[in-house]
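User: I should be grateful for a close look at a single part of this structure. Please take one strand and describe its surroundings.

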Amino acid sequence: MSAAPGRPQASSHRSAEHEGTPVHAVIDVEYEQPACSTQRAWARVPAEPTPSERGALKDRIRRLLRERDAVMVSHFYVHPDLQDLAEETGGLVSDSLEMARFGRDHPARTLVVSGVRFMGETAKILSPAKHVLMPDLDATCSLDLGCPAAAFGAFCDAHADRTVVVYANTSAEVKARADWVVTSSCAVDVVRALKDQGRKILWAPDKHLGHYIQRETGADMLLWNGACIVHDEFKAFELQALKDQHAGAKVLVHPESPADVVALADAVGSTSGILKAARELDARTFIVATDTGLLHKLRLLNPGKTFIEAPTAGNSATCKSCAHCPWMAMNGLVDLARVLETGAHEVHVDPALVARARVPIDRMLAFTAAQRARQAAGALVPNIGAA
Ligand code: 13P
Ligand code: SF4
């Protein structure tokens, strides 16, 4: 893929020590780039349709999905309409790992991915012959924005002795440079397996997830200095205060959150891991430190349980996301119907990059498939992962 418009360039180089781990803060990330700022994303979030508009749009989308041999693949953070419609029409709502697997394996000729850009790119890399459409191609991710391919390549060159493991929330160019791609539902297990082989890891881009993996595995990890603008804003002090107000509540945390927030968790996991914990933990009330989009599925699957948003700010603070990803929020029914009608907003990835980026993604899918097979055969598996 050629450099995406609006992707920021590296702005400075420095190094830092954080919690005893060498952290190479290669760039100071500037998210407020004109082409993809959070402000611009919020301005493009579609207005809520009226009930009659909503009904008409859903009918049109159902018809178009059939006519175009298309299937919907939605992430848990997008609007509930896009989650429900995906399931109701034979598609999927899930975490990023299952989105990738489902899109690869489904026979439809067109995948309509509601989520953010890297999810559409991964779908295209795994299914180059399919049309991959997205409601809005400018829906990006602060982790992807904060890891420009050229600066990342230089970081890898400077540490050529390390196995390069990148989070799925990256561009196709960054994936093409990696040995492994992982999502939060398999990151700990993959790194643990690499550590057992004596490998030293170069990790990018999410520093909080990187620290979490390191604490869980004890692996030697060199970290990129990226963060998710949504999870980075959860606040431990306010979370503890909320916990104190709700005796018996369990805290569920996505590992993109800061370490002091993770430390307060009763369960840490990917979006599907959080869903699993909410089902299995013995509590009626849960405080949830992840994007509020997940509350829709949490409430549907757990009637009678109460889910409370974890705090993103103290009394006088402001936040960029307030626990909802502005780029996920850009996905809406009107654009979804339009792209199905016209074939607009198709994801393209340079075929040369597809070939290289597919290798580390296939490794992840093979690793998790083998792990599942062992799980089905009754072997013990670690306490994190897909529901
Ligand atoms: P999951 O893989 O847990 O769905 O997370 C994707 C993501 O973007 C989290 O912010
Ligand atoms: Fe990226 Fe965070 Fe949005 Fe997920 S929630 S897509 S990590 S900015």
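Analyst: The model is predicted, and the part chosen here is strand 3, residues 70-75.

Strand 3 is mostly covered, with six of its six residues buried. Its side chains divide between two directions: Ala 70, Met 72 and Ser 74 point one way, while Val 71, Val 73 and His 75 point the other way. The residues on both sides of strand 3 are buried.

Two strands pair with strand 3. One of them is strand 5, residues 110-114, which runs parallel to strand 3 and is joined to it by five bridges. In this pairing Met 72 stands opposite Val 112 of strand 5. The other is strand 4, residues 92-94, which is also paired with strand 3 in the parallel sense, over three bridges. Here Val 73 has Leu 92 of strand 4 opposite it. Between strand 3 and strand 4 the chain passes through helix 3, residues 80-88, and this β-α-β crossover is right-handed.

Val 112, the residue opposite Met 72, leads to the interior of the model. The largest nonpolar core has 107 residues, and Val 112 is listed with Val 165, Val 182 and Leu 252 as those that touch the most other members. Helix 5, residues 117-126, gives the most to this core, with five residues. Leu 252 can be followed further: leaving out residues up to four places away in sequence, Leu 252 touches Ala 265, Asp 266, Ala 267, Ile 274, Ala 277, Ala 278, Phe 286, Val 288 and Ala 289.

Val 165, another of these core residues, is also a contact of Asp 179, together with Thr 163, Val 164 and Pro 360, when neighbours within four places in sequence are set aside. Asp 179 lies in the loop between helix 8 (172-176) and strand 8 (180-182). Asp 179 counts as partly exposed because 17 other C-beta atoms lie within 10 Å. Asp 179 and Ile 361 are 182 residues apart in sequence, yet 8.9 Å apart in space, C-alpha to C-alpha.

The ligands complete the picture. The residues around ligand 1 include Asp 95, Ser 96 and Leu 97, as well as Asn 169, Thr 183, Cys 228 and Glu 256. The shell of ligand 1 divides into two nonpolar, seven polar and two charged residues. Around ligand 2 there are 13 residues, of which Cys 141, Ser 142, Cys 228, Val 230 and Cys 325 come nearest. The shell of ligand 2 has nine nonpolar, two polar and two charged residues. Cys 228 is listed around ligand 1 and around ligand 2.

Terms used
Residues numbered from 1 in each chain as written. Chains lettered and ligands numbered in written order. Predicted model: local features only at pLDDT ≥ 70, side-chain atom pairs only at ≥ 80, totals over all residues. Near = placed C-beta within 6 Å. Nonpolar A, V, L, I, M, F, W, Y, C, P; charged D, E, K, R; others polar. Core = buried A, V, L, I, M, F, W, Y, C linked by C-beta atoms within 7 Å. Buried ≥ 20, exposed ≤ 12 C-beta atoms within 10 Å, placed from the backbone. Helix = DSSP H or I, 4+ residues; strand = E, 2+ residues; numbered from the N terminus. Contact = placed C-beta atoms within 7 Å. Pairing = 2+ DSSP bridges. Right-handed = clockwise from strand over helix to strand, strands pointing away.
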